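Me: I would like to learn how to read a model like this one, feature by feature. Could you walk me through it?

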Amino acid sequence: MKLDGILADLKARKLAGRAWEKGGAPGKFRDRITVYRDGRLLFERFCYGEAAGRVCALWAAGADEAGHIRWDYDACAYSGKTEAPKTLTGAGRGALVFDGRPVLWQPAADLRTDPANGYGAVKMFFLRLLG
């Protein structure tokens, strides 16, 4: 599945990106994927408990026509980095499905800007101006 519909929606709403979080029963981790208007994807894994915080941030330049995500595994030292979703297999009613698994990734946030990840107010101004 291609990201074209998601990217068109982000541009139409003038957003920097949209974040989805993995649903289902709570586990040891909270996983989040953010899709940015230029096609880049960010997978983040957060742990719970006393050591709460982000344990992994994995970037991808995008996805191919079949929805296969090209993660940059070399840039992340986390041992569980290969647990990041590998293929977008479905999207509908706002939720995403990865790797054909029945777990839905629900929308978590619409981001007008995201300065921590390179989508600050000035960059977004020009992206919105230029389309």
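What follows is a short dialogue on the fold, the hairpins, some loop residues and a surface patch.

Reply: Gladly! First, the ground rules: this is a predicted model, where local features need pLDDT of at least 70, side-chain atom pairs count only at pLDDT 80 or more, and totals for chains, interfaces and linings use all residues. Residues are numbered from 1 along each chain as its sequence is written, and side-chain values use heavy atoms, with hydrogens and water left out.

Me: Which elements make up the secondary structure of the protein chain, and in what order do they run from the N terminus?

Reply: Helices (H or I, at least four residues) and strands (E, at least two) are DSSP runs, numbered from the N terminus. Here the protein chain has two helices and eight strands. Their order from the N terminus is α-β-β-β-β-β-β-β-β-α.

Me: Why does the radius of gyration of the protein chain agree with that of a compact globule?

Reply: The radius is taken over C-alpha atoms, and the globule rule is 2.2 Å times the number of residues to the power 0.38. For 131 residues the rule gives a value near 14 Å, and the protein chain has 15 Å, so the two agree. Along the principal axes, the C-alpha atoms fill a box of roughly 40 × 30 × 25 Å.

Me: How many of the residues are buried, as a percentage?

Reply: Buried means under 20% relative accessible area, exposed over 50%, and partly exposed in between (1.4 Å probe, protein chains only). Buried residues make up 40% of the 131 in the protein chain. Contacts are another thing to read, meaning heavy atoms within 4.5 Å. Of the contacts with a separation of 6 or more, 39% are between residues 24 or more positions apart.

Me: In what sense do β3 and β4 pair?

Reply: Two strands pair if DSSP finds at least two bridges between them. β3 (residues 41-47) and β4 (residues 53-63) are antiparallel, over seven bridges. One bridge links C47 to G53 in β4. The two strands form a hairpin with five residues between them, and G49 in the turn has a positive phi of about 90 degrees.

Me: Where does β4 go next?

Reply: β4 also runs antiparallel to β5 (residues 69-71), joined by two bridges. A63 has I69 in β5 as its bridge partner. Again there is a hairpin with five residues in between, and G67 in its turn has a positive phi of about 90 degrees.

Me: Which residues other than glycine have a positive phi?

Reply: K14 is one of them, with phi near 60 degrees. K14 sits in the loop between α1 (4-12) and β1 (17-22), and its relative accessible area of 43% makes it partly exposed. D99 is another, with phi near 55 degrees. D99 belongs to the loop between β7 (95-98) and β8 (104-111) and is partly exposed at 28%.

Me: What is K28 in contact with, leaving aside neighbours within four places in sequence?

Reply: K28 contacts F46, C47 and Y48. K28 lies in the loop between β1 and β2 (29-36) and is exposed, with a relative accessible area of 66%. The C-alpha atoms of K28 and G49 are separated by 8.5 Å, with their positions 21 residues apart along the chain counted as the distance apart.

Me: Which residues make the nonpolar surface patch?

Reply: V122, F125, F126, L129 and L130 make a patch of about 590 Å². F125 is in helix α2 (residues 121-130). Patch residues have over 30% relative accessible area and no salt bridge, with like charges joined within 9 Å and nonpolar side chains (Val, Leu, Ile, Met, Phe, Trp, Tyr) within 5 Å. A salt bridge is a side-chain nitrogen of Lys or Arg within 4 Å of a carboxyl oxygen of Asp or Glu.

Methods
Areas by Shrake-Rupley, 256 points an atom, 1.4 Å probe, with all protein chains shown as cover.
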